[in-house]
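Trainee: I would like to go through this model by asking about its contacts. Please give the reasoning with each reply.

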Amino acid sequence: MQTQLQSPEGASVTITDKSELEKIAVEQGLKEVPVRIEYEYIPSETDFSKPDQVVTPYAKGDICYVNDLGSGWYNENYPYKTFMIDGPDTFKISETKSFKSTFDGTFGASKAGLEAKIGFKLEQDYTVNFTSNTPVASNEKVYFELFTTHHKVQYAVDTGPTCNFGHAYKPNGTYIKKTIYKK
């Protein structure tokens with residue numbers, strides 16, 4: 001589903017199949033089976049360029065591997081915001097929020113060298129903004145979960161006998177999960 005949602009323009013997916021909704025309700029431990037579930041992805045940027053991958057002899061502390069893993073929601077269990085809206089409502093949310101890029105560690109590599117290889121600044125604030133419109137029918141209620149999406153890059157640093165792997169994450173959009181129930 002992430003692949004389907006991560007087009008640069010953004011996308012949405014709606015699940016209405018009753019058997020699929022029952023399966024999701026069991027998997028996620030929901031108290032009741034939803035009427036439908038909508039997933040919406042809103043990118044804050046459209047630069048999905050991949051860093052260069054260079055294969056050369058390495059010195060200790062050199063970045064020896066870079067793999068761009070694309071954009072997605074990598075912390076699916078931790079929304080940064082949740083709320084419920086009862087219908088009828090012509091609910092609209094528009095938000096701008098700042099999140100820091102993160103990484104696992106340098107393992108002796110320079111931060112500047114790592115940033116050059118992965119293609120973005122580390123430990124820097126990035127602004128994520130989005131607008132979403134959701135009409136809620138009078139006989140429905142919607143449970144919203146908002147997640148920040150990230151551009152994820154895997155890298156490895158030569159530490160002598162081996163290469164140690166890490167990940168870097170740059171905030172770049174919002175993923176919204178809307179679970180719709182009958183009132």
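**Salt bridges, rings and a helix**

Trainee: How many salt bridges does a search of the whole structure find?
Mentor: The model is a predicted one. A bridge needs a side-chain nitrogen of Lys or Arg within 4 Å of a carboxyl oxygen of Asp or Glu. Searched throughout, the structure gives a count of 10.

Trainee: How many residues apart in sequence are the parts tied together by Lys141 and Glu32?
Mentor: The side chains of Lys141 and Glu32 meet in a salt bridge, 3.8 Å from N to O. Lys141 is partly exposed at 22% relative accessible area, and Glu32 is partly exposed at 36%. Lys141 belongs to strand E8 and Glu32 to the loop between helix H2 (18–28) and strand E2 (36–43), so the parts they tie together are separated in sequence by 109 residues.

Trainee: Which strands does the bridge between Glu140 and Arg36 link?
Mentor: The side chains of Glu140 and Arg36 meet at 3.0 Å, N to O. Glu140 is buried, with a relative accessible area of 7%. The two residues are 104 apart in sequence, and the strands that hold them are E8 for Glu140 and E2 for Arg36.

Trainee: Which residues are linked with Arg36 in a network of salt bridges?
Mentor: Arg36 has a salt bridge with Glu140. Both belong to a network of salt bridges, in which Arg36 is linked with Glu38, Glu40, Glu140 and Lys178.

Trainee: Are Glu145 and Lys177 buried or exposed?
Mentor: These two form a salt bridge, with their closest N and O atoms 3.9 Å apart. Glu145 lies in strand E8 and Lys177 in strand E9 (residues 163–182), so the bridge ties together parts 32 residues apart in sequence. The cut-off for burial is under 20% relative accessible area, and both residues count as buried.

Trainee: Turning to the rings, how many aromatic pairs are there?
Mentor: Rings pair if their centres lie within 6.5 Å. By this rule the count is 7.

Trainee: What kind of pair do the rings of Tyr80 and Phe99 make?
Mentor: Tyr80 is in the loop between strand E3 (63–72) and strand E4 (81–86), and Phe99 is in strand E5 (residues 89–100), so the pair ties together parts 19 residues apart in sequence. Tyr80 is partly exposed at 24% relative accessibility, whereas Phe99 is buried at 17%. The ring centres are 5.2 Å apart and the planes stand at 65°, so the pair is edge-to-face.

Trainee: How many residues apart are Phe83 and Phe144?
Mentor: Phe83 and Phe144 form a stacked pair, 4.9 Å centre to centre with 15° between the planes. Both are buried. Phe83 is in strand E4 and Phe144 in strand E8 (residues 140–158), which puts distant parts of the chain in touch across a separation of 61 residues.

Trainee: Which residues is Phe91 in contact with, leaving aside its neighbours within four places in sequence?
Mentor: Phe91 is found in strand E5 and counts as buried at 15% relative accessibility. Its C-alpha is 6.9 Å from that of Val136, although the two are 45 residues apart in sequence. With the neighbours within four places set aside, the contacts of Phe91 are Phe83, Ile85, Ser132, Asn133, Thr134 and Phe144.

Trainee: Which residues does the face of H3 turned away from its buried side carry as exposed?
Mentor: In helix H3 (residues 111–118), Leu114, Glu115 and Ile118 are buried. They cover an arc of only 100° around the axis, which puts them on the same side of H3. An α-helix has 3.6 residues a turn, so residues three or four places apart point the same way. The face turned away from that buried side carries the exposed Ala112 and Ala116.

Trainee: What covers the buried residues of H3?
Mentor: The buried residues in question are Leu114, Glu115 and Ile118. Their cover includes E3, strand E6 (102–103), E8 and E9.

Trainee: For the protein taken as one, what percentage of its 183 residues is buried?
Mentor: The secondary structure comes to 3 helices and 9 strands. Of the contacts between residues at least 6 apart in sequence, 76% join residues at least 24 apart. The buried share of the 183 residues is 44%.

Key: Residues numbered from 1 in each chain as written. Predicted model: local features only at pLDDT ≥ 70, side-chain atom pairs only at ≥ 80, totals over all residues. Heavy atoms only, no water. Helix = DSSP H or I, 4+ residues; strand = E, 2+ residues; numbered from the N terminus. Buried < 20%, exposed > 50% of the residue type's maximum accessible area, 1.4 Å probe, protein only. Contact = heavy atoms within 4.5 Å. Phe/Tyr/Trp six-rings, centres within 6.5 Å; stacked < 30°, edge-to-face > 60°. Arc of directions from axis to C-beta.
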